[in-house]
Amino acid sequence: MVSQYSISLRPKKLTEVFGQESVVKELKERVKTNTWPTAMLFKGNSGTGKTSVAQIVAMTINCKNPNEHGDPCGTCPSCLSIIEERFDRDVRVLDGSSFSGKEDVTSFMQIADTAPMWDKNRILIIEESDQLSTAAKNAMLKMLEKPREKIYFILLSMVASGLPVAITSRCQSYNFKSFTSKDIMYALKGTMDKLGLWEDKSIPDSFRLQGLSSIASSSRGSLRTAIQSFEKCVVGKFYTPEDIRMNLGIVDDTTISELLSDLLS
């Protein structure tokens with residue numbers, strides 16, 4: 001029931017981005033002036049919103065009908081290609097770890113050095129950019145040293161140290177913080193409300209409190225992990241603390257205490 005909403009749960013404009021206030025504030029200034037750096041580096045742990053924000057930035061840069069505040073319209077062909085995650089126009093999402101061989105690097109350079117055909121600009125969102133091969137990183141550096149008109153790069157990385165300084169120094173960097181359990185609990189409540197599940201009488205009240213709290217605590221600061229666990233619980237009707245622990249593989253504090261006690265004995 002909930003899985004069909006996975007894509008729609010992504011924020012579609014900066015004002016909808018949760019928990020990354022400093023990043024959003026900086027990007028909003030970019031929207032006001034409509035000036036964007038050739039390369040941006042989004043750094044942060046898994047599940048902190050890097051991909052979602054990268055997609056919003058790409059929509060903002062390419063939208064044909066932005067509103068008075070500069071937000072993307074969400075209905076033009078360029079926006080829809082991103083919202084529906086088709087990426088069949090001039091915004092592409094690449095996996096950095098897949099560019100390793102000589103032919104892969106050649107393909108990467110061709111993709112990166114192609115002028116926009118359908119949209120105003122060509123934008124490459126490179127996930128796991130730190131996993132690019134040495135040859136691919138060298139190719140990336142050459143492109144950043146001589147920026148191409150109407151071509152932008154958004155590099156995503158959990159390990160920014162995996163990128164050479166020569167590349168990071170040519171990027172505008174944005175740091176994404178990990179979420180607290182309280183942050184995630186709040187986001188999960190909002191998700192339930194957005195999906196019309198908060199008032200669903202078939203879901204016990206205990207799930208809205210203890211259940212969401214267990215999911216938030218076990219997500220280790222990753223909102224994506226929390227959403228995936230939440231979907232699993234709702235679809236499988238895992239509402240009791242026991243069902244949640246069993247199906248999500250959560251070990252409760254009592255079990256840990258007992259194990260430590262046994263080890264000490």
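In the predicted model, helices α7 and α8 cross in a right-handed manner, a crossing being right-handed if the near helix is turned clockwise from the far one by less than a right angle, and left-handed if anticlockwise. Helix α7 spans residues 181–194 and helix α8 residues 205–218, and the two pack at an angle of about 130° with their axes 9 Å apart. That angle makes α7 oblique to α8, since angles under 35 degrees count as roughly parallel, over 145 as roughly antiparallel, 65 to 115 as roughly perpendicular and the rest as oblique. Contact (heavy atoms within 4.5 Å) joins Ser181, Ile184, Met185, Leu188, Lys189 and Met192 of α7 to a set in α8 that includes Phe207, Arg208, Leu212 and Ala216.

The largest nonpolar core, a set of buried residues (under 20% relative accessible area, 1.4 Å probe) of the types Ala, Val, Leu, Ile, Met, Phe, Trp, Tyr and Cys joined through side-chain atoms within 4.5 Å, has 30 residues. Among those with the most contacts inside this core are Leu27, Trp36, Phe42 and Val53. Elements giving two or more residues to the core include α1 (21–33), β1 (39–44) and α2 (50–62), and α2 gives the most, with 7 residues. Beyond its neighbours within four places in sequence, Val53 is in contact with Leu14, Val17, Leu27, Phe42 and Phe176. A second, separate core of 24 residues includes Met192, Ala216, Ala226 and Phe238.

Residues are numbered from 1 along each chain as its sequence is written, and side-chain values use heavy atoms, with hydrogens and water left out. As the model is predicted, local features need pLDDT of at least 70 and side-chain atom pairs count only at pLDDT 80 or more, while totals for chains, interfaces and linings use all residues.

Conventions. Axes are lines fitted to C-alpha atoms, for helices over the stretch in contact, and angles run from 0 to 180 degrees between N-to-C directions. Helices (H or I, at least four residues) and strands (E, at least two) are DSSP runs, numbered from the N terminus. Buried means under 20% relative accessible area, exposed over 50%, partly exposed in between (1.4 Å probe, protein chains only).
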